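Let's take a walk through this one together. Have a look at the sequence and the 3D view, and then we'll go from the overall layout down to a few single residues.

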Amino acid sequence: SGTNLIALLAAYDNQAQSTFFISNVSVEQSFSRRGIASHLLNACLTEAVQRHVATLSLEVHPDNQAALAFYHAQGFVTKQQRPDAILMTRTTGLPT
């Protein structure tokens with residue numbers, strides 16, 4: 001009926017560190033592998049550039065191999081690894 005949530009990306013602007021921290025990227029399973037998450041990340045990147053933010057960052061559980069592969073393909077690199085999470089970052093192309 002057009003009223004169901006199929007995907008979301010939640011992020012906040014940490015102005016003190018010039019970074020957008022992405023706290024959630026989710027796509028309903030029946031809509032996965034259609035480029036929706038990529039589209040959401042690109043929209044987030046565009047918003048970050050418009051706000052003059054230099055970096056996108058997020059955390060991924062070490063066991064989530066699909067997410068790690070996806071974020072690597074989107075240009076994210078591992079910044080820090082903990083037992084419970086991997087911190088990944090991507091520059092927006094703006095100076096830090």
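**A guided walk through the fold**

β4 and β5 make a hairpin, with four residues sitting between them. Before we go further, bear in mind that what you see is a predicted model.

Let's step back to the whole chain. The protein has two helices and five strands, and if you start at the N terminus, the order you meet them in is β-β-α-β-α-β-β. So how does the radius of gyration of the protein fit with that of a compact globule? For 96 residues, a compact globule would come out near 12 Å, and the protein has 14 Å, which agrees. Measured out along the principal axes, the box that the C-alpha atoms fill is roughly 45 × 35 × 20 Å. Buried residues make up 31% of the 96. As for how the chain folds back on itself, take the contacts with a separation of 6 or more: 54% of them come from residues 24 or more positions apart.

Now back to the strands. Strand β5 covers residues 86-91, and it pairs with β3 (residues 55-60) in the antiparallel sense, over six bridges. In that pairing, V60 stands opposite I86. β5 also runs antiparallel to β4 (residues 77-81), and four bridges join the two. Here you can find Q80 opposite L87.

A good residue to stop at in β5 is T89. Is T89 buried or exposed? Its relative accessible area is 16%, and buried means under 20%, so T89 counts as buried. Setting aside neighbours within four places in sequence, T89 is in contact with T55, L56, S57, G75, F76, V77 and K79. Among these, T55, L56 and S57 fall within the range of β3, while V77 and K79 fall within that of β4.

Next, look for the largest pocket, which holds about 460 Å³ of space. Its lining takes in 16 residues, and the ones nearest its centre are S32, R33, A37, A66 and F70. Three elements each supply at least two lining residues: β2 (19-27), α1 (36-50) and α2 (65-73). Which of the elements gives the most to the lining? That's α2, with four residues. Sorted by class, the lining has nine nonpolar, five polar and two charged residues.

Toward the start of the chain, I6 lies in the segment before β1 (7-14). I6 counts as partly exposed because its relative accessibility is 31%. Beyond its neighbours within four places in sequence, I6 is in contact with S26, V27, E28, F31 and I36. F20 is another matter: I6 and F20 are 14 residues apart along the chain, and their C-alpha atoms are separated by 22 Å.

Finally, two loop residues with a backbone twist to look at. Most residues other than glycine have a negative phi. S18, in the loop between β1 and β2, has a positive phi, near 50°. H52, in the loop between α1 and β3, has a positive phi too, near 65°. Their surroundings can be put side by side: S18 is partly exposed, with a relative accessible area of 23%, whereas H52 is exposed, at 64%.

Conventions:
Residues numbered from 1 in each chain as written. Predicted model: local features only at pLDDT ≥ 70, side-chain atom pairs only at ≥ 80, totals over all residues. Heavy atoms only, no water. Pairing = 2+ DSSP bridges. 1 Å grid on protein atoms, 1.4 Å probe; cavity = no way out; pocket = protein on both sides within 12 Å on 5 of 7 lines; lining within 4 Å. Points joined across faces, edges and corners; volume = space filled by probe spheres on them. Nonpolar A, V, L, I, M, F, W, Y, C, P; charged D, E, K, R; others polar. Rg over C-alpha atoms; globule rule 2.2 N^0.38 Å. Buried < 20%, exposed > 50% of the residue type's maximum accessible area, 1.4 Å probe, protein only. Contact = heavy atoms within 4.5 Å.
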